[in-house]
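Biologist: I'd like to learn how to read a fold from its contacts. Could you walk me through one?

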Amino acid sequence: MIEVFSWATPGLWADFYVLQEAMAPRARMRHLAEAKYGPQTRRHLLRRLRQPSLRRPTAQIHLQNIFKHFLVHSIPTIWIPNQEWIEREDYEALDAVDLILTRTHFAHQLLCNDQRFAGIEKQFVGFSISPRSSLLAPPDTPSSTQPLEVLHVAGLGEQRQTNVVVEAWRRHPEWPKLTVVAREVALKRLGIDAEDAENLRFITEFLPSSALARLRQSHAVNLQPSKAEGWGHAIVEGMAAGQISMTTDAPPMNELVNPERGILLKCRPGPAMGIDVESIIDEASLEAGMEALLSLCPAKRLDMRRAGHAWVAQT
């Protein structure tokens, strides 16, 4: 039995599903995920004391952060960090880590160059989309009649710079329609009024993966200007669905997207975030990106959609 620990976020659940598919049927996996150390943590620690089968997993995998309260020092411990979320508590638990796996070349280089991680073996393994995501082929022929629409899946909003996106769209009614998928609590926290406009609509209710997949099919463009990414599920899932990706021109985002399969937005370095730095866009960045997008003919847009889809299929 391999124990996998993570916080209960959509991206980390997707990480677990990828690991589960990669390891099956060679190993059974048990996933413990929660928002913070709380009742589930305490219950599991008590069960570990009472049930011998829970005391001795064969190995542990820690996603994003190291869950030091669960460490078993006599078994292999693997850490798959997200460089932007590495915290002080992770450094305090490094003695227990036997192997660090990295998913982007950017993260691998950062960790190799940081002396705090010296002495721990590191391997670049890459990654893929969750098996619960759809690998939908783009259309066979270019369409000049289908309206060009843009999708922005905000997540928590701040990291994907949703406020900049929405403000820019409100000032550009001539741009194609933008659909923003965001929970109302995230929009309120950012001070965003979820009021629809002629070229702007908000979806604030929870969308199951099947509904989000249908949205991707009807929107040719996936706008995800991330400040930082550990892997970039929302970016890669868009390419898997045959969308043109618009994202920040900074690593690791520009490791996933290049000019053949997307449009990169100029940015400036911002504050430190973990061992990474934030990559900040502004309205001028979006204006330049939209100008590049709107200058593409239908055939070129289709080429980009196919290129992104093919890259994901090979990852």
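Modeller: We'll go through rings, cores, a helix and a cavity in turn. Keep in mind that this is a predicted model.

Biologist: Let's start with rings. How many aromatic pairs does the structure hold?

Modeller: It holds 10 aromatic pairs. Take F5 and F70: their ring centres sit 4.4 Å apart with 15° between the planes, and the pair is stacked. Planes under 30 degrees apart count as stacked, so 15° gets that label.

Biologist: Which parts of the chain does the F5 and F70 pair tie together?

Modeller: F5 belongs to strand 1 (residues 2-7), while F70 is in the loop between strand 3 (59-64) and strand 4 (77-81), so the pair joins parts that are 65 residues apart in sequence. Through ring pairs, F5 and F70 also join W7 and F67 in a cluster.

Biologist: Are F5 and F70 buried or exposed?

Modeller: Buried means under 20% relative accessible area. F5 has 0% relative accessibility, so it counts as buried. F70, at 2%, counts as buried too.

Biologist: And what lies over the face of F127?

Modeller: That's R103, at 4.7 Å from the ring centre.

Biologist: On to cores. What's the general idea?

Modeller: In soluble globular proteins, nonpolar side chains tend to be buried together. Here the largest nonpolar core has 29 residues, and W169, V221, L223, M246, L286 and L293 have the most contacts inside it. Several elements supply at least two residues each, among them strand 8 (178-181), strand 9 (200-203) and helix 11 (283-294). Helix 6 gives the most, with five residues. There is also a second, separate core of 19 residues, which includes F16, Y17, A59 and F67.

Biologist: What does V221 touch, leaving out residues up to four places away in sequence?

Modeller: V221 touches L148, E149, V150, L151, Q243, I244, M246 and L293.

Biologist: Can we do I61 the same way? Where does I61 lie?

Modeller: I61 lies in strand 3. Its relative accessible area is 7%, so I61 is buried. Leaving out residues up to four places away in sequence, I61 touches I2, E3, V4, F5, L19, M29, I78 and I80. For a backbone view, try I61 and W79: they are 18 residues apart in sequence, yet 5.7 Å apart in space, C-alpha to C-alpha.

Biologist: Now a helix. Why is helix 9 largely enclosed by the rest of the structure?

Modeller: Count the buried residues. In helix 9 (residues 233-240), eight of the eight are buried, so the rest of the structure largely encloses it. The buried set includes H233 and E237 alongside I235, V236 and M239.

Biologist: Which elements do those residues pack against?

Modeller: The buried residues of helix 9 pack against helix 1 (10-23), helix 8 (209-218), strand 10 (221-224), strand 11 (244-248), helix 10 (253-256) and helix 12 (298-314). Look just after helix 9 as well: G242 takes a positive phi of about 80° there.

Biologist: Last one, empty space. How many cavities of 30 Å³ or more are there?

Modeller: One. The largest cavity has a volume of about 40 Å³. P81, Q83, L101, T102, R103, A107, L111 and G230 line it. Strand 5 (99-102) and helix 5 (105-113) are the elements that give two or more residues to that lining. You've met R103 already: this lining residue also lies over the face of F127.

Key: Residues are numbered from 1 along each chain as its sequence is written. This is a predicted model: local features need pLDDT of at least 70, side-chain atom pairs count only at pLDDT 80 or more; totals for chains, interfaces and linings use all residues. Side-chain values use heavy atoms; hydrogens and water are left out. Rings of Phe, Tyr and Trp (its six-membered ring) pair if their centres lie within 6.5 Å; planes under 30 degrees apart count as stacked, over 60 as edge-to-face and the rest as tilted. Helices (H or I, at least four residues) and strands (E, at least two) are DSSP runs, numbered from the N terminus. Buried means under 20% relative accessible area, exposed over 50%, partly exposed in between (1.4 Å probe, protein chains only). A charge sits over a ring if NZ of Lys or CZ of Arg is within 6 Å of the ring centre and within 35 degrees of the ring normal. Contact means heavy atoms within 4.5 Å. A nonpolar core is a set of buried Ala, Val, Leu, Ile, Met, Phe, Trp, Tyr and Cys residues joined through side-chain atoms within 4.5 Å. On a 1 Å grid over the protein atoms alone, a cavity is a set of points where a 1.4 Å probe fits but cannot get out, and a pocket is an open set with protein on both sides within 12 Å along at least five of seven lines; lining residues have an atom within 4 Å of a point. Grid points are joined across faces, edges and corners, and a volume is the space filled by probe spheres set on the points.
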